[in-house]
Amino acid sequence: MFDPDELDEIREAKAEWEDEQVQPTVDRFGERRETFTTDTEGHEVDRLYTPADVADVDYQDDLGFPGEEPYTRGVYPTGYRGRLWTMRQYAGMGTAEETNERFNYLLDQGQTGLSMAFDLPTQMGYDSDNAMAAGEVGKTGVAIDSLSDLETVFEGIPLDDVSTSMTINAPASVLLAMYIAVGDQQGVDREELRGTIQNDVLKEYIARNTFIYPPEPSMRLITDIFEFCATEVPNFNTISISGYHIREAGSTAAQEIAFTLADGIEYVEAAIDAGLDVDDFAPQLSFFFASYNNILEEVAKFRAARRLWASIMDERFGAEDPKSKQLKFHTQTAGSTLTAQQIENNVVRVAYQALAAVLGGTQSLHTNGKDEAIGLPTEKSVRTALRTQQILAHESGAADTIDPLGGSYYVESLTDDLEAEARDLLADIDDRGGMADAIESQWVQRQIQDVAFERQREQEEGERVIVGVNEYQVEEEGEQDIEEVDEAVEQAQQETVAAVREERDDQAVDAALDALREAAQGDENLMPYLVDAVKTYATTGEICDVLRDVFGEYQPGSSL
């Protein structure tokens, strides 16, 4: 982008500036640290960046314009000037009734998209009256035992008016079937259903462990969803390939990019191997990233991920539809950065993280409540988190121009560095046989664990300042107002699922489950059978048990 002679002049001028201006000042006053590094990479940050640091950048090839390849500057030609990002607040209270109440409250407060959290038994495919669910019902989100519960969650909420994100993985096909069934009941055309299911099982083997089935049948369920939704529910994102949990487990920003996109590659390959055309399903792929405290590193991360995914879809898979190459993503502020000490500081952390996500061009954003380090967010803290997004959208000016940090010598240099490091990691994964093999050998997990260990050491030894934790401590105030799940929720939910079983047509349930079992033993797409099963009020656990019987359960340490 710059004349070579001008770059030489800039380099000479910088060297002169360092000798005549910087060094005398450093000799006299010093600097805060001997070296400065990015938040997670450990890349040394130079004192000053100039055009010489981006000498190899070609504007058209490396940056381009928003809405055009390589999408570095965004996937939409008008950015947020056309439409703001979808504002979501993660919500899932113990019961379906409580979740419905919180959803309606958030919609009344101006939220533009719903985001569902599920309790651990639902995530693992167990009903609330299963012995494995004891003590966990409603604790991390809402319990969904049958279609009846989801009907209650969305009572009075037209599904053609909202976009719903569901953080569910192993039983994602079951919950999607229920969502489709609720839409059918409401008379909503399936083409008008909008939202996302996380449906990302590979990261479960890496970071979260809420898996049920072995990888091969899990991948079958995922590709069945791709195929079914391409024709039946074309505006619903069929997967949210999640780097968020990888980052929360301790990864660097470059690892978050590489491991997330490597999972994406694995899903695309599985779908193609199943006979699908890449351009039939790739436009419905979406991604999910974390946003951490180092604003400029995070902005560069989002830009690098967009550019890298466009090249992967073009070069590896020959995608022709521009939408197949567009990395669209949801962002959540970083839960692991929230502190129980001086929790008011978390409001500031979340605001900076949200700013980074918006400057990086996210399509959807969840801002954490300040109290999520100690419990479920209260109604007041959820409102503050939502107001953070609204202030950012309407008062900060950050949404008024597209990619406002594009062209920054530092941001462009950091974008290049992160992309290059992610490419090296992807090459390493390819050499190891692909992401599934890299996970099976525990290589991916070790990479993350090594970084997490080092960051913890830095914090404990004071090399990494955490405000209010290892520096600037104060004597804590009295106990905070904490949102808690009533222990009576478990009993109430068990009574609800028992009532559903009592009132439904058992013959219809048995017939639907038998049909599902037979289809699972063959190679038919399972989604139509799942939709039929949930409409008979077969429970989440009953459906997952059928698939457990056919597919088996994954045991940690066994082969992927």
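**The open sheet and what packs around it**

Student: In what order do the nine strands of the open sheet stand?
Tutor: The sheet is open and its nine strands have parallel pairing, where a strand is a DSSP run (E, at least two residues; helices are H or I runs of at least four), numbered from the N terminus, and two strands pair if DSSP finds at least two bridges between them. This is a predicted model, in which local features need pLDDT of at least 70, side-chain atom pairs count only at pLDDT 80 or more, and totals for chains, interfaces and linings use all residues. Residues are numbered from 1 along each chain as its sequence is written, while side-chain values use heavy atoms and leave out hydrogens and water. Read across the sheet, the order of the strands is 5-4-3-2-1-9-8-7-6.

Student: Which strands are left with one side lacking a neighbour in the sheet, and why?
Tutor: A strand at an edge of this sheet has a single partner strand, so one of its sides is left without a neighbour in the sheet. The partner of one edge strand is strand 4 (residues 194–197), which pairs with strand 5 in the parallel sense over two bridges, with T196 opposite N237. At the other edge, strand 7 (residues 285–291) is the partner, in a parallel pairing over four bridges with strand 6. The two edge strands are therefore strand 5 (236–237) and strand 6.

Student: Which residue in strand 7 stands opposite S240?
Tutor: S240 belongs to strand 6 (residues 239–242), where S240 and S242 point one way and I239 and I241 point the other way. All four of these residues are buried, a word that stands for under 20% relative accessible area, with exposed meaning over 50% and partly exposed in between (1.4 Å probe, protein chains only). Across from S240, in strand 7, stands S286.

Student: At about what angle does helix 14 run to strand 1?
Tutor: Helix 14 (residues 379–394) lies across strand 1 (86–91) and strand 9 (364–366). Its buried residues, among them L386 and L392, pack against strand 1, helix 3 (96–108), helix 13 (345–359) and strand 9, contact being heavy atoms within 4.5 Å. For the angle, axes are lines fitted to C-alpha atoms, for helices over the stretch in contact, and the angle between N-to-C directions can run from 0 to 180 degrees. For helix 14 and strand 1 the angle is about 170°.

Student: How far does helix 14 reach from its first C-alpha to its last?
Tutor: The expected span of a helix is 1.5 Å times one less than its number of residues. Helix 14 has 16 residues, for which the expected span is 22 Å. The reach in the model is close to that expectation, at 22 Å.

Student: Which helix gives the most to the largest nonpolar core?
Tutor: A nonpolar core is a set of buried Ala, Val, Leu, Ile, Met, Phe, Trp, Tyr and Cys residues joined through side-chain atoms within 4.5 Å. The largest one here holds 71 residues, and W85, F226, F259, Y267, F281, W309 and V444 are the members that touch the most others. With eleven residues, the helix that gives the most to this core is helix 10 (residues 253–273).

Student: How many disulfides does the structure hold?
Tutor: A disulfide is a pair of cysteine sulfur atoms within 2.5 Å. The sulfur of C544 is 17 Å from the closest cysteine sulfur, in C229, which is too far for a bond. C229 is buried, with a relative accessible area of 0%, and C544 is buried at 0% relative accessibility as well. The number of disulfides in the structure is zero.

Student: Is Q442 buried, partly exposed or exposed?
Tutor: Q442 is found in the loop between helix 16 (435–440) and helix 17 (443–460), and it has a positive phi of about 70° although it is not a glycine. D403 also has a positive phi, near 50°, and at 7% relative accessibility D403 counts as buried. The relative accessibility of Q442 is 38%, so Q442 counts as partly exposed.

Student: Which residue is joined to E69 by a cis peptide bond?
Tutor: The omega of this bond is about 5°. The partner of E69 lies in the loop between helix 2 (59–63) and strand 1. That residue is P70.
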